[in-house]
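Me: I am new to this structure and would like a close look at one chain. Please take the second one, and tell me how far the model can be trusted there.

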Amino acid sequence: MAAVLLLCVVACARTGLYPGELGEPGEQSDVDLGAGETSSGGSGAVSNAAGKPSGGAPIMKPPPTSGMSPVSIGGMSSVPVGDPPTCMPSPEACNGRDDDCNGAVDDLPAQACPGGGSRFCVAGRLSECPRRCDVCVAGSVRVCQNSFCSFWGEQECAADGQGFGNCREAQPPPECRATAKKFENSKQLEQCCLDNGYCCLDQHDLDGDGDRGEMLGACGDIACQ
Amino acid sequence: MSSISLRTPALAGAIFLSWLATAQAAPCGRPDVDATFPPNDADGVPPNAQFAAHYASPAIFANEAVSLLDPTGGDVEVTVAYDDADSTLRVTPAQALSAGHHELSWPGLRGVNSSAGVGRGSKVGFTVQSALDASPPTFAGLSSIEWDLARDRDPCLDRLDDRFVFKLHVGQASDDSGTALLSLLAFQTVDPMSPDQAEPSRQGVYPWPSDGVIEVRRPATHAGQTCFAAVAQDLVGGVSGGGEREVCVKTRQPPFFEGCAVAAPAGEPARPGTLSVGLLLAGLAGLRRGRAAHARAPRAA
């Protein structure tokens with residue numbers, strides 16, 4: 001019985017570890033304290049550009065086709081493997097190939113975006129035009145509604161602009177106080193928010209587009225575009 | 001009395017430290033200059049360089065003065081433009097710069113969010129060389145990636161937020177003006193938060209890292225396959241290749257401590273530990289039942 005118990009305890013100690021989590025010999029494999037796949041050193045699952053695993057559970061995307069092997073005409077191979085590599089140059093395009101045979105893939109100038117910033121050729125395709133923030137302007141505030149007390153709240157944007165905080169209760173402005181008291185968390189209160197020049201979370205989908213997470217109203221200083 | 005005299009300085013010290021901590025905390029949304037191109041004290045800046053300052057938060061440019069002083073202390077004529085999408089102020093000299101030490105003063109700008117106030121500007125000095133930068137940089141791309149989880153205190157929300165921290169290791173680069181003057185543009189090419197997104201999204205523009213590593217922080221709300229790529233850009237706008245090399249990693253959602261789970265989560269096969277826990281519990285139950293039986297036996301007798 002004691003032997004069974006010991007076996008169980010040893011096995012239990014492994015619970016929670018995924019295959020490969022312990023890493024390779026020589027790597028840190030301390031108990032993870034909120035890190036990724038491995039250790040206190042902060043090295044989670046690691047992969048490198050050569051696709052060689054270096055602990056954890058590496059994942060590498062296959063490298064893009066090189067225009068240099070074995071023969072490339074605009075990046076298209078046409079000669080059997082084994083022949084000496086040659087390259088037929090063509091204008092460089094954003095496609096993950098070395099079209100102009102200069103040894104660099106997708107070395108293209110930046111493309112100006114209409115609203116400012118530039119697009120770059122990355123991973124064989126053009127990047128999106130930049131926006132001034134991810135989700136919202138850092139520190140900006142929008143109005144939200146809650147289901148208790150004042151039914152009016154505010155959400156502040158995080159310092160890195162990557163999302164809003166919780167809906168904190170606040171007092172409704174005088175012009176919406178009666179609406180909040182009468183209709184509580186409602187379309188009417190959201191409409192009152194819009195009518196009085198606030199940037200409001202569209203919790204009640206007033207524009208009927210099915211998106212209840214968007215913002216409506218005077219959101220020029222809050223939205224990213 | 002003595003205890004009061006001891007406590008008073010301690011209290012004052014605590015208050016001072018508390019004030020100091022508050023004073024040094026990162027301001028919420030203030031558009032400070034957080035990177036300049038070239039960086040301060042740079043050498044070998046080409047005479048045909050264009051200059052840029054990145055602001056930490058979206059800002060409003062109201063024609064604030066930007067001054068560029070040549071080695072004689074004279075003003076250099078420049079064109080100034082603010083790029084709202086990049087939160088970047090760019091300066092283009094009207095003609096090629098003369099060789100020698102220059103000083104460039106970047107202004108503090110007002111935040112788009114009115115409560116953010118006016119950010120801090122920056123004053124940088126650099127040395128201009130005589131050779132033009134004629135060719136774009138070369139760059140081998142990102143070489144590897146690590147990830148971790150950080151719990152950051154957000155100065156706007158005054159709460160802890162989980163962030164995935166990706167350390168991107170930067171490959172070899174070269175440029176005719178030197179790598180120290182390059183900027184690194186990092187892109188997320190696969191994002192578990194928006195798996196259908198086709199276009200890589202820019203995560204930031206960084207001064208070339210002397211230690212070969214940059215950090216990208218993303219909200220830890222969606223875990224899964226995450227990939228990045230990067231290109232280098234020189235001071236005349238030349239762009240490298242290397243962006244075709246993606247480094248990827250698969251993140252996991254916190255919390256990470258699994259404990260001794262009895263049942264596997266839905267959709268996942270039972271792990272080896274699960275069975276052992278079941279055996280352990282069964283064993284403990286059996287042991288207890290045996291003891292109970294032993295205890296009951298005399299009573300029954």
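**A close look at chain B**

Reply: Of the 301 residues in chain B, 37% are buried. This is a predicted model, so confidence comes up often below.

Start with the make-up of the chain. Chain B holds 19 strands and two helices. Take its contacts with a separation of 6 or more: 70% of them join residues 24 or more positions apart.

Next, confidence. The mean pLDDT of chain B is 83. A score of at least 70 is reached by 76% of the residues. The low point among its elements is helix α1(B), residues 2-24, with a mean of 44. The high point is strand β8(B), with a mean of 98.

Look at the start of the chain in more detail. Residues 1-8 of chain B stay under 50 in pLDDT. The model gives that stretch zero contacts beyond four places in sequence. Residues 10-25 of chain B also stay under 50. Here the model has one contact beyond four places in sequence. Read helix α1(B) with its mean of 44 in mind.

Now turn to β8(B), the strand with the highest mean confidence in the chain. It covers residues 100-106. Two strands of chain B pair with it, namely β5(B) and β10(B). Strand β5(B) spans residues 67-69 and runs antiparallel to β8(B), with three bridges between them. One pair to find on screen is B:Leu69 and its bridge partner in β8(B), B:Glu103. Strand β10(B), residues 122-128, is also antiparallel to β8(B). Seven bridges join these two strands. To see one, find B:His101, whose bridge partner in β10(B) is B:Thr127.

Step back to the domains. The domain assignment splits chain B into domain 1, residues 26-128, and domain 2, residues 138-250. Taken over C-alpha atoms, the centres of domain 1 and domain 2 of chain B are 23 Å apart. The two domains touch: 16 residues of domain 1 of chain B are in contact with 13 residues of domain 2 of chain B.

Which strands supply the domain 1 side of this contact in chain B? Strands β1(B), residues 33-37, and β2(B), residues 42-45, each give at least two residues to it. Strand β2(B) gives the most, with three residues. By class, this side of domain 1 of chain B has 11 nonpolar residues, five polar ones and no charged ones.

For context, a look at chain A. Its mean pLDDT is 73, and 62% of its residues reach 70 or more. Residues 4-60 of chain A stay under 50, yet the model has 126 contacts beyond four places in sequence for them. Residues 62-79 of chain A are below 50 too, with 45 contacts beyond near neighbours in sequence.

One helix of chain A also deserves a look: α2(A), residues 174-183. Its residues A:Cys176, A:Thr179 and A:Ala180 are buried. Seen down the axis of α2(A), the buried residues fall within an arc of 105 degrees, so they line one face of the helix. They pack against α3(A), residues 187-195. On the other side of α2(A), A:Pro174, A:Ala178, A:Lys181 and A:Lys182 are exposed. After α2(A) comes A:Glu184, with a positive phi near 55 degrees.

Finally, the scores for the model are ipTM 0.77 and pTM 0.73.

Conventions:
Residues numbered from 1 in each chain as written. Chains lettered and ligands numbered in written order. Predicted model: local features only at pLDDT ≥ 70, side-chain atom pairs only at ≥ 80, totals over all residues. Pairing = 2+ DSSP bridges. Helix = DSSP H or I, 4+ residues; strand = E, 2+ residues; numbered from the N terminus. pLDDT = per-residue confidence, 0-100. Contact = placed C-beta atoms within 7 Å. Domains from an automatic or database assignment. Nonpolar A, V, L, I, M, F, W, Y, C, P; charged D, E, K, R; others polar. Buried ≥ 20, exposed ≤ 12 C-beta atoms within 10 Å, placed from the backbone. Arc of directions from axis to C-beta.
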